[in-house]
Amino acid sequence: MSTERMRSMSRELKLFIGASLAMGVAYSVIDATFNNFINERFAIGGLERSFLEFPREIPGILVVVVSALLWFLCSRRLGAVAMLLGAAGSLLIGFAAPTYAFMLLWLFIYSLGQHVFIPLSSSIGMDLASDGKTGRRLGQLNAIRNLAAILGSFIVFAGFKYLGFNFHHTFILSSLAFAAAAVLMFAMKPEKTQPPALHLKLHREYSLYYVLAVLYGSRKQLFLTFAPWVLVTVFHQPTQTIATLLLLGGVIGILFQPFLGWSIDRLGERLVLVSEAVLLVFVCFGYGFSKFFLPEHTAFLIACGCFLLDQMLMSVNMARSTYMKKIALTHEHVQPALTMAVSLDHVFSIAVALLGGVIWNSFGFQYVFLMGALIALANFLAALQVRLPKASESLEGLSPVLVQEDN
């Protein structure tokens with residue numbers, strides 16, 4: 001990004017970019033170490049690992065309630081609160097979890113901050129976009145988070161391999177990064193708040209969006225829970241391997257995310273969502289069954305490839321966000337609808353994680369990913385139903401642009 005373009009950016013966009021960088025580093029450090037941390041500290045099995053998602057994902061169900069209770073905070077102030085929860089949770093996990101039960105409590109706090117911010121990242125990003133270029137803006141912001149993920153993963157890799165890091169170091173680093181993100185979010189100018197009733201209301205007009213969100217959350221949960229767990233327990237990979245894959249995914253994402261955002265703006269949400277579903281079917285079969293048909297090393301490489309491809313496909317969720325903005329009846333519906341979708345998808349994603357653990361223990365890990373392929377098929381059928389209003393009728397063509405410059 002050129003110096004001239006940086007100078008032309010609004011103050012709010014610069015602050016949000018800085019917060020995204022700090023937040024990306026924090027999440028990356030936790031993602032690269034958490035599975036190995038719980039494996040070494042508590043020595044749990046596949047079933048216990050799946051049940052760990054219950055306290056981790058319950059905050060996703062509660063996010064709509066939390067947002068309604070904190071209605072007096074605008075999205076940017078609420079984002080700062082979410083980052084403070086992440087800082088407190090990660091620090092407590094690292095230093096105040098002598099037992100598994102304590103770790104679950106602190107994980108709940110950490111996860112609450114993470115889930116509160118999920119809809120905010122999209123709504124704030126779209127507010128900082130010019131008309132017709134919301135996909136591009138979200139792609140740029142995701143690319144920045146990928147850059148941060150590279151930095152965080154590199155810190156973990158180098159720290160454990162060369163600098164004698166232990167898990168205490170990584171939890172301290174993540175907490176500091178979350179705190180920095182909170183300061184930057186709080187420095188942004190506050191915007192209009194939404195009344196609590198808007199956060200708690202389901203709109204029939206957005207039914208397809210809710211279905212797409214539920215399917216995304218279900219398949220996402222399978223991979224967040226079981227994909228790294230396969231690498232750690234089936235392929236017996238150390239912390240450095242997960243960190244390296246996240247690092248590679250971040251490098252790829254720097255180029256892929258802006259391209260994906262451009263594709264959403266130019267080709268439309270329907271084609272992007274359909275393509276994601278088709279690719280995910282192949283990812284599920286590659287991840288779940290390559291070990292049974294190929295040599296160990298080849299199967300491991302395919303699993304790594306599927307891990308990286310799924311990292312990229314996770315970003316397609318921004319197409320669901322831009323779809324929601326385009327079908328919204330009024331601008332005030334966007335953030336509450338995004339928040340409601342997070343709560344709805346977590347009701348199903350928790351069930352999927354628990355069912356996946358039972359399937360893993362009863363039949364084998366490969367059948368978990370067979371279930372993922374079935375979810376991808378349902379996602380394909382739902383994506384085919386996506387229809388957008390005419391440009392003259394869409395919210396993007398009617399609502400005022402909060403940031404006029406195109407960066």
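Let's start at Ser10. A polar atom of the Ser10 side chain lies 3.2 Å from the backbone nitrogen of Leu13. Keep in mind that this is a predicted model. Where does Ser10 lie? Look at the loop between helix H1, residues 3-8, and helix H2, residues 11-42. Ser10 has a relative accessible area of 16%. The cut-off for buried is under 20%, so Ser10 is buried. Now look along the chain to Leu128. Ser10 and Leu128 are 118 residues apart in sequence. In space, their C-alpha atoms are 8.9 Å apart.

Next, another serine. Ser290 lies in helix H12, which covers residues 269-293. Buried or exposed? Ser290 is buried, because its relative accessibility is 6%. Its side chain has a polar atom 2.8 Å from the backbone oxygen of Gly286. What else does Ser290 touch? Leave aside the neighbours within four places in sequence, and Ser290 is in contact with Phe285, Ala299 and Ile302.

Stay on helix H12. Phe282 is there as well. Phe282 counts as exposed, because its relative accessibility is 60%. Set that beside Ser290 in helix H12, which counts as buried at 6%. How far is Phe282 from Phe226? They are 56 residues apart in sequence, and 17 Å apart from C-alpha to C-alpha.

Helix H12 also helps to line a pocket. This is the second largest pocket, and it holds about 200 Å³ of space. Which residues are closest to its centre? They are Phe256, Phe259, Leu260, Val272 and Ser275, out of 14 lining residues. Three helices give two or more residues each to this lining: helix H11 (239-267), H12 and helix H13 (296-314). What is the lining made of? Eleven of its residues are nonpolar, two are polar and one is charged.

On to helix H14, residues 317-327. Arg320 is found there. Is this arginine buried or exposed? Arg320 is buried, because its relative accessibility is 1%. Which residues does Arg320 touch? Not counting residues up to four places away in sequence, the list is Tyr209, Leu212, Tyr216, Leu273, Glu276 and Asn379. Find Arg320 on the model, then pick out those partners one by one.

Now the cysteines. How many disulfides are there? The count is zero. Take Cys304. The nearest cysteine sulfur belongs to Cys306, and that sulfur is 9.4 Å away. A disulfide needs the two sulfur atoms within 2.5 Å, so Cys304 is in no disulfide. Cys304 is buried, because its relative accessible area is 10%. Cys74 is buried too, with a relative accessible area of 4%.

Two more residues to finish. Lys161 sits in helix H7, residues 134-162. Lys161 counts as partly exposed, because its relative accessibility is 45%. The partly exposed class lies between 20% and 50%, and that is why Lys161 falls there. From Lys161 to Gln257 is 96 residues in sequence. From C-alpha to C-alpha, Lys161 and Gln257 are 29 Å apart.

The other one is Thr99. Look for Thr99 in the loop between helix H5 (75-95) and helix H6 (100-127). At 36% relative accessibility, Thr99 also counts as partly exposed. How far is Thr99 from Leu279 in space? Their C-alpha atoms are separated by 40 Å, and the two residues are 180 residues apart along the chain.

Definitions and conventions: Residues are numbered from 1 along each chain as its sequence is written. This is a predicted model: local features need pLDDT of at least 70, side-chain atom pairs count only at pLDDT 80 or more; totals for chains, interfaces and linings use all residues. Side-chain values use heavy atoms; hydrogens and water are left out. Helices (H or I, at least four residues) and strands (E, at least two) are DSSP runs, numbered from the N terminus. Buried means under 20% relative accessible area, exposed over 50%, partly exposed in between (1.4 Å probe, protein chains only). A polar contact is a pair of N or O atoms within 3.5 Å; within protein, one must be able to donate a hydrogen and the other to accept it, and residues adjacent in sequence count only if both atoms are side-chain atoms. Contact means heavy atoms within 4.5 Å. On a 1 Å grid over the protein atoms alone, a cavity is a set of points where a 1.4 Å probe fits but cannot get out, and a pocket is an open set with protein on both sides within 12 Å along at least five of seven lines; lining residues have an atom within 4 Å of a point. Grid points are joined across faces, edges and corners, and a volume is the space filled by probe spheres set on the points. Ala, Val, Leu, Ile, Met, Phe, Trp, Tyr, Cys and Pro count as nonpolar, Asp, Glu, Lys and Arg as charged, and the others, Gly among them, as polar.
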